[in-house]
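Here are some exercises to work through with the model open in your viewer. Try each task by yourself before you read the solution beneath it.

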Amino acid sequence: VEYKCGDPTLIKAPKGLADEEYFTCALTRDDIKFIKSANSAMGADKLIFSNPKDTDNFVISIPNKEDEKVVHETDGVVGYLSDATSFSFAYDSKILIMAINSMEKILRKDDLDALEMKITRRGVLTFPVKGITTYIIPSP
């Protein structure tokens, strides 16, 4: 493991996210179990969160390298925070699975049924972890 240190005043990082939140959706404990097991079985490089046009369904697609995919439609619905009508964003599976593991711990610890996430216009996924907003940037 290699660590690099630097003067934090010299780092040109944004102080916040200016992108508007467009959608809300939630993952339940069952959704998280399914995502983890399907991702493990498929050996996926990415996970795709989508909302088909003219529906309020939250769909998770887990493709493998041969473009075969497992599709899971959650019980939750997508809430629209704007005039947008659909979305489809891919996220790196390694990063998202780490975040999903954190979500699972929060659900267990706080005895919650589901954890709400928000997705911005550009696909940035946001959700709280111990009071801190976590951001996951979509893959190209």
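## Exercise 1: a histidine and its surroundings

His72 is found in strand S4 (residues 69-77). The model is a predicted one.

**Task.** Work out whether His72 is buried or exposed, and find which side chain joins that of His72 in a polar contact.

**Solution.**
- Step 1: take the accessibility. His72 has a relative accessible area of 15%. The cut-off for buried is under 20%, so His72 is buried.
- Step 2: look for the polar partner. The side chains of His72 and Asp31 are joined by a polar contact of 2.9 Å.
- Step 3: list the neighbours. Leaving aside residues up to four places away in sequence, His72 touches Asp31, Phe34, Phe58, Val59 and Ile60.

## Exercise 2: the four-stranded sheet

**Task.** Find the strand order of the open sheet of four strands, name the edge strands, and see which helices pack on the sheet.

**Solution.**
- Step 1: read off the order. The four strands run S4-S3-S2-S6, with antiparallel pairing.
- Step 2: pick the edges. S4 and strand S6 (87-92) each pair on one side only, which makes them the edge strands.
- Step 3: check the twist. From one strand to the next, the average is 20 degrees.
- Step 4: examine one pairing. Six bridges connect strand S2 (residues 46-51) with S6 in the antiparallel sense, and Leu47 stands opposite Tyr91 in S6.
- Step 5: add the helices. Helix H1 (residues 29-42) packs on this sheet and touches S2, S3 and S4, and its direction makes about 170 degrees with that of S4. H2 packs on the sheet too, touching S2 and S6, with its direction at about 90 degrees to that of S6.

## Exercise 3: the five-stranded sheet

**Task.** Trace the open sheet of five strands from edge to edge, and say how many bridges join S1 to S7.

**Solution.**
- Step 1: set out the order. It is S5-S1-S7-S8-S9, with antiparallel pairing. The edge strands, each pairing on one side only, are S5 and strand S9 (132-136).
- Step 2: go through the pairings. S1 and S7 share seven bridges in the antiparallel sense, and here Ala26 stands opposite Glu116 in S7. Between S7 and S8 there are two bridges, again antiparallel, with Lys118 opposite Thr126 in S8. Strand S8 (residues 125-129) and S9 run antiparallel and are joined by five bridges; Val129 stands opposite Ile132 in S9.
- Step 3: look at the turn. S7 and S8 form a hairpin with four residues between them, and Gly123 in the turn has a positive phi of about 95 degrees.
- Step 4: place the helix. Helix H2 (residues 93-109) lies across S1, strand S7 (114-120), S8 and S9, and runs at about 40 degrees to S8. H2 also touches S2 and S6 of the four-stranded sheet.

## Exercise 4: aromatic pairs

**Task.** Classify the ring pair of Phe23 and Tyr80 and that of Phe87 and Phe89.

**Solution.**
- Step 1: choose the descriptors. A pair of aromatic rings is described by the distance of the centres and the angle of the planes.
- Step 2: count the pairs. Searching the whole structure gives six aromatic pairs. In the pair of Phe23 and Tyr80, the centres are 5.9 Å apart and the planes make 70 degrees, an edge-to-face arrangement.
- Step 3: locate these two rings. Phe23 is in strand S1 (residues 21-28) and Tyr80 in strand S5 (residues 79-80), so the pair ties together parts 57 residues apart in sequence. Phe23 is buried at 2% relative accessible area, whereas Tyr80 is partly exposed at 33%.
- Step 4: turn to the other pair. The centres of Phe87 and Phe89 are 6.0 Å apart and the planes stand at 15 degrees, so this pair is stacked. Phe87 is buried at 6%, and Phe89 is buried at 17%.
- Step 5: connect the rings. Ring pairs link Tyr22, Phe23, Tyr80, Phe87 and Phe89 into a cluster.

## Exercise 5: positive phi in loops

**Task.** Where do Asp67 and Asp111 lie?

**Solution.**
- Step 1: Asp67 lies in the loop between strand S3 (57-63) and S4. Its phi is positive, about 65 degrees, although Asp67 is not a glycine, and Asp67 is exposed at 68% relative accessible area.
- Step 2: Asp111 lies in the loop between H2 and S7. Its phi is positive at about 50 degrees, although Asp111 is not a glycine, and at 60% relative accessibility Asp111 counts as exposed.

How values were computed: Residues are numbered from 1 along each chain as its sequence is written. This is a predicted model: local features need pLDDT of at least 70, side-chain atom pairs count only at pLDDT 80 or more; totals for chains, interfaces and linings use all residues. Side-chain values use heavy atoms; hydrogens and water are left out. Rings of Phe, Tyr and Trp (its six-membered ring) pair if their centres lie within 6.5 Å; planes under 30 degrees apart count as stacked, over 60 as edge-to-face and the rest as tilted. Buried means under 20% relative accessible area, exposed over 50%, partly exposed in between (1.4 Å probe, protein chains only). Two strands pair if DSSP finds at least two bridges between them. Contact means heavy atoms within 4.5 Å. Axes are lines fitted to C-alpha atoms, for helices over the stretch in contact, and angles run from 0 to 180 degrees between N-to-C directions. A polar contact is a pair of N or O atoms within 3.5 Å; within protein, one must be able to donate a hydrogen and the other to accept it, and residues adjacent in sequence count only if both atoms are side-chain atoms.
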